[in-house]
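Subject: A structure for you to look at

Dear colleague,

I am handing over the structure below, and I would ask you to open it and keep it in view while you read the notes that follow.

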Amino acid sequence: MNNKSEKLSKLTQTAILAALCFITFTFLQIKIPIPGGGDMTSIHFGNVFLVLAALLLGGFYGGLAGAIGMTIADLMDPVYILVAPKTFILKFCIGLIVGAIAHKMAHINETNDKKYVFKWALIASICGMAFNVIADPVVGYFYKRYLLGQPAEVAEVLAKLSAGVTFFNAVTTVVIATLIYSALRPILIKSNLLIGYKVKSSKNLK
């Protein structure tokens, strides 16, 4: 794959994964009302395709796919429209973390060792979601408290409930994204569609 074709393929895959982030966040979502706050948090699967994007495309494009997809979803939902800037920043950071560990540290595109790839895809996913479990409620508290002007009590209740829901989302994301990546990777290699793949022969995948 030449540079022009690779760039086009990367942009195409980024757009597809951004759309999947949008679709799963918008339509595979269970909203959970916050008592007394008129606000909501949610169980959703948008992060699955954000992590998958970072594993497939690297941190920058993967983070961009998740950030764009879920920010647009926020902008189209009156419940979340005010937190769209927070969503963009946090989702982009998740992608950067997952991509940095998987590709900059572990170089998973330079091996056909399935166990090695699975291990580092899992580690990268866990690290990205661990960041989200901590950052989402903390950043959310200060964002809502000082930028949106919510009362401290409401912002605190939202942060606590959000932490529990975010943890649940993180666990499901790690499991599902890692399994999808492990199943999809050999298919993309054989189709010459895995961006940045640097192993000369893919005949004997371990």
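**Aromatic rings**

F60, Y61, F88 and F92 come together in one aromatic cluster. Please bear in mind from the start that this is a predicted model. In total, the structure holds seven aromatic pairs, and one of them joins Y141 and F142, whose rings are edge-to-face, with 5.3 Å from centre to centre and 85° between the planes. A pair of aromatic rings is described by these two quantities, the distance of the centres and the angle of the planes.

F142 also pairs with Y146, and here the centres are 5.9 Å apart while the planes stand at 15°, so this pair is stacked, given that planes under 30 degrees apart count as stacked. Both residues belong to helix α5, which covers residues 114–147, and because F142 and Y146 are four residues apart in that helix, about one helical turn separates them. How accessible are the residues of this pair, F142 and Y146? F142 has a relative accessibility of 45% and therefore counts as partly exposed, whereas Y146, at 55%, counts as exposed, the cut-off for exposed being over 50%. The ring of Y146 has a further partner, since R145 lies over its face at 5.3 Å from the ring centre.

**Two packed helices**

Which way do α2 and α3 run relative to each other? Helix α2 (residues 46–57) packs with helix α3 (residues 59–75) at an angle of about 160°, and their axes are 6 Å apart. Angles over 145 degrees count as roughly antiparallel, and α2 and α3 are therefore roughly antiparallel to each other. Their crossing is right-handed. If you would like to trace the contact residue by residue, look in α2 for G46, N47, L50, A53, A54 and L57, which meet G59, Y61, G62, G63, A65, G66 and M70 in α3. Y61 therefore deserves a second look, as a residue of α3 that meets α2 and as a member of the aromatic cluster described above.

**Two buried threonines**

T41 is found in strand β2, which spans residues 39–44, and T41 is buried, with a relative accessible area of 10%. Not counting residues up to four places away in sequence, T41 touches I30, K31, I32, I34, Y80, L161, S162 and V165. For a sense of scale, you could also follow the chain from T41 to P186, which are 145 residues apart along the chain and have C-alpha atoms separated by 36 Å.

T178, found in helix α6, is buried as well, with a relative accessible area of 2%. Leaving aside neighbours within four places in sequence, T178 is in contact with F118, A121, L122, S125 and T173.

**Two positive phi angles**

Most residues other than glycine have a negative phi. H107, however, has a positive phi, near 50°, and this residue is found in the loop between α4 (84–105) and α5. H107 is partly exposed, with a relative accessible area of 35%. N192 also has a positive phi, near 60°, and lies in the segment after α6 (152–190), where N192 is partly exposed at a relative accessible area of 48%.

With best wishes

Methods
Residues are numbered from 1 along each chain as its sequence is written. This is a predicted model: local features need pLDDT of at least 70, side-chain atom pairs count only at pLDDT 80 or more; totals for chains, interfaces and linings use all residues. Side-chain values use heavy atoms; hydrogens and water are left out. Rings of Phe, Tyr and Trp (its six-membered ring) pair if their centres lie within 6.5 Å; planes under 30 degrees apart count as stacked, over 60 as edge-to-face and the rest as tilted. Buried means under 20% relative accessible area, exposed over 50%, partly exposed in between (1.4 Å probe, protein chains only). A charge sits over a ring if NZ of Lys or CZ of Arg is within 6 Å of the ring centre and within 35 degrees of the ring normal. Axes are lines fitted to C-alpha atoms, for helices over the stretch in contact, and angles run from 0 to 180 degrees between N-to-C directions. Angles under 35 degrees count as roughly parallel, over 145 as roughly antiparallel, 65 to 115 as roughly perpendicular and the rest as oblique. A crossing is left-handed if the near helix is turned anticlockwise from the far one by less than a right angle, and right-handed if clockwise. Contact means heavy atoms within 4.5 Å.
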